[in-house]
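Me: I would like a close look at one part of this protein, with its immediate partners and its setting in the chain. Please state the terms used and the basis of the values.

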Amino acid sequence: MTSSFRRPRTALPAVALLAAALAVGCGHGTSGGTGAAAAAVPTTATTSAGQSSAGPTDGAFKDLEQHFGARLGVYAVDTGSGREVAYRSDERFAFASTIKSLLTGALLRTASDQELDKVVTYRQDEVLTWAPITSRHVDTGMKVRDLAAAALEYSDNTAANLLMTELGGPENLQRTLRELGDPTTNVNRNEPTLNEATPGDPRDTSTPRAFAADLRRYVLGDVLTEDRRRMLTDWMVGNTTGAPFIRAGVPAHWKIGDKTGNGGYGTRNDVAVAWPSGGRSPVVLVVMSDRGKADATSDDALIAEATKAVVTALG
């Protein structure tokens with residue numbers, strides 16, 4: 001396949017204790033909103049292993065880590081008030097399939113409407129194990145825009161690989177993120193090997209803070225045109241894999257656009273933009289976790305409970 005636009009570019013016993021611990025557990029940052037102001041995030045510094053925010057949230061998130069036997073990374077920002085919640089926010093985590101959100105954002109930034117309507121053909125031997133949409137269209141191929149929808153709404157791995165090729169490969173996605181001001185996120189491999197998540201391997205990793213900044217730029221900032229932002233948002237809001245995660249931890253009336261990911265060593269992540277009711281500004285939220293053992297399983301409830309803690313802290 002050739003590219004037409006390769007350009008640089010379960011309720012827990014501990015939960016009852018969380019509300020009091022988190023009520024004042026958030027920092028303050030620069031205020032923001034939608035559009036360009038929402039994208040005006042500080043350039044993320046290189047990560048420092050073991051670093052986390054200091055404050056009342058630390059103890060609450062440590063309780064969750066102990067309860068679930070996991071390492072937890074959290075970064076959230078209320079784009080209206082600038083209030084932040086951060087825990088291990090500058091530690092590296094394997095991003096797994098959450099990268100599909102940034103991949104799609106990068107593609108929407110560079111592709112013309114004609115390129116989005118291009119039909120990409122592929123062979124049966126290119127279809128990966130998790131390919132609920134692309135597996136149905138081997139004979140006909142799929143438009144680039146439909147591959148993007150499949151990658152975000154169904155986490156179709158074959159669709160993600162085809163999109164990555166259209167963009168010019170992992171190195172071009174990483175170059176795009178560097179150009180946007182992210183010196184942290186490393187994009188090195190395709191599906192499924194990007195999900196290996198070996199501890200200490202910096203490949204295909206980011207930090208909660210850096211990933212949140214990128215997501216904010218694409219969904220709320222001026223990196224994309226208004227119609228492309230709407231397209232990306234609609235696909236993320238239409239995600240079918242996120243019900244047990246961030247969506248389960250926010251009030252039912254909030255609008256959520258998210259992308260989940262899971263990988264080796266018990267990696268379980270969800271990244272989202274949330275629109276609270278009542279006209280409040282959006283909240284950008286990244287929750288990442290792992291368990292340090294190759295055969296470890298993940299626990300979906302950890303992401304939901306961490307999200308509940310964030311919502312309480314932001315007030």
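Reply: Pairing and burial of one strand

Within strand E10, Ser 289 is the bridge partner of Leu 72. The model is a predicted one, in which local features need pLDDT of at least 70 and side-chain atom pairs count only at pLDDT 80 or more, while totals for chains, interfaces and linings use all residues. Residues are numbered from 1 along each chain as its sequence is written, and side-chain values use heavy atoms, with hydrogens and water left out.

The strand under discussion spans residues 283-290 and pairs with E2 in the antiparallel sense over 8 bridges (two strands pair if DSSP finds at least two bridges between them). A further position in this pairing is Gly 73, which stands opposite Met 288 of E10. The second partner of E10 is strand E9, residues 267-275. These two strands also run antiparallel, and 5 bridges join them. Here Ala 274 lies opposite Val 283 of E10.

How much of E10 is buried? The count is 8 of the 8 residues, so the strand is largely enclosed by the rest of the structure (buried means under 20% relative accessible area, exposed over 50%, partly exposed in between, with a 1.4 Å probe and protein chains only). In a regular strand the side chains alternate between the two faces of the sheet. In E10, one side carries Val 283, Leu 285, Val 287 and Ser 289, and the other carries Val 284, Val 286, Met 288 and Asp 290. Each of these residues is buried, and both faces are therefore covered. Several of them have already appeared above: Ser 289 as the partner of Leu 72, Met 288 opposite Gly 73, and Val 283 opposite Ala 274.

The partner E2 (residues 71-78) is likewise largely enclosed by the rest of the structure, because 7 of its 8 residues are buried. E2 also pairs with strand E3, residues 83-87, in an antiparallel arrangement joined by 4 bridges. In that pairing, Ala 76 has Val 85 of E3 as its bridge partner. E2 and E3 form a hairpin with 4 residues between them. One residue of the turn, Gly 82, has a positive phi of about 80°.

As for the wider setting, the protein contains 12 helices and 10 strands (DSSP runs numbered from the N terminus, helices being H or I of at least four residues and strands E of at least two). Of its 315 residues, 56% are buried.

Two helices show burial of their own. In H12, residues 300-314, 12 of the 15 residues are buried, so the helix is largely enclosed by the rest of the structure. Among these buried residues are Leu 302, Ile 303, Val 310, Val 311 and Leu 314, together with the polar residues Glu 305 and Thr 307. Just after H12, Gly 315 adopts a positive phi of about 75°.

Helix H6, residues 144-153, is mostly covered, with 7 of its 10 residues buried. Those residues are Val 144, Leu 147, Leu 152 and the run Ala 148, Ala 149, Ala 150 and Ala 151. After H6 comes Ser 155, with a positive phi near 55°.

To return to the strand itself, E10 is paired with E2 over 8 bridges and with E9 over 5, and both of its faces are covered.

Conventions. The expected span of a helix is 1.5 Å times one less than its number of residues.
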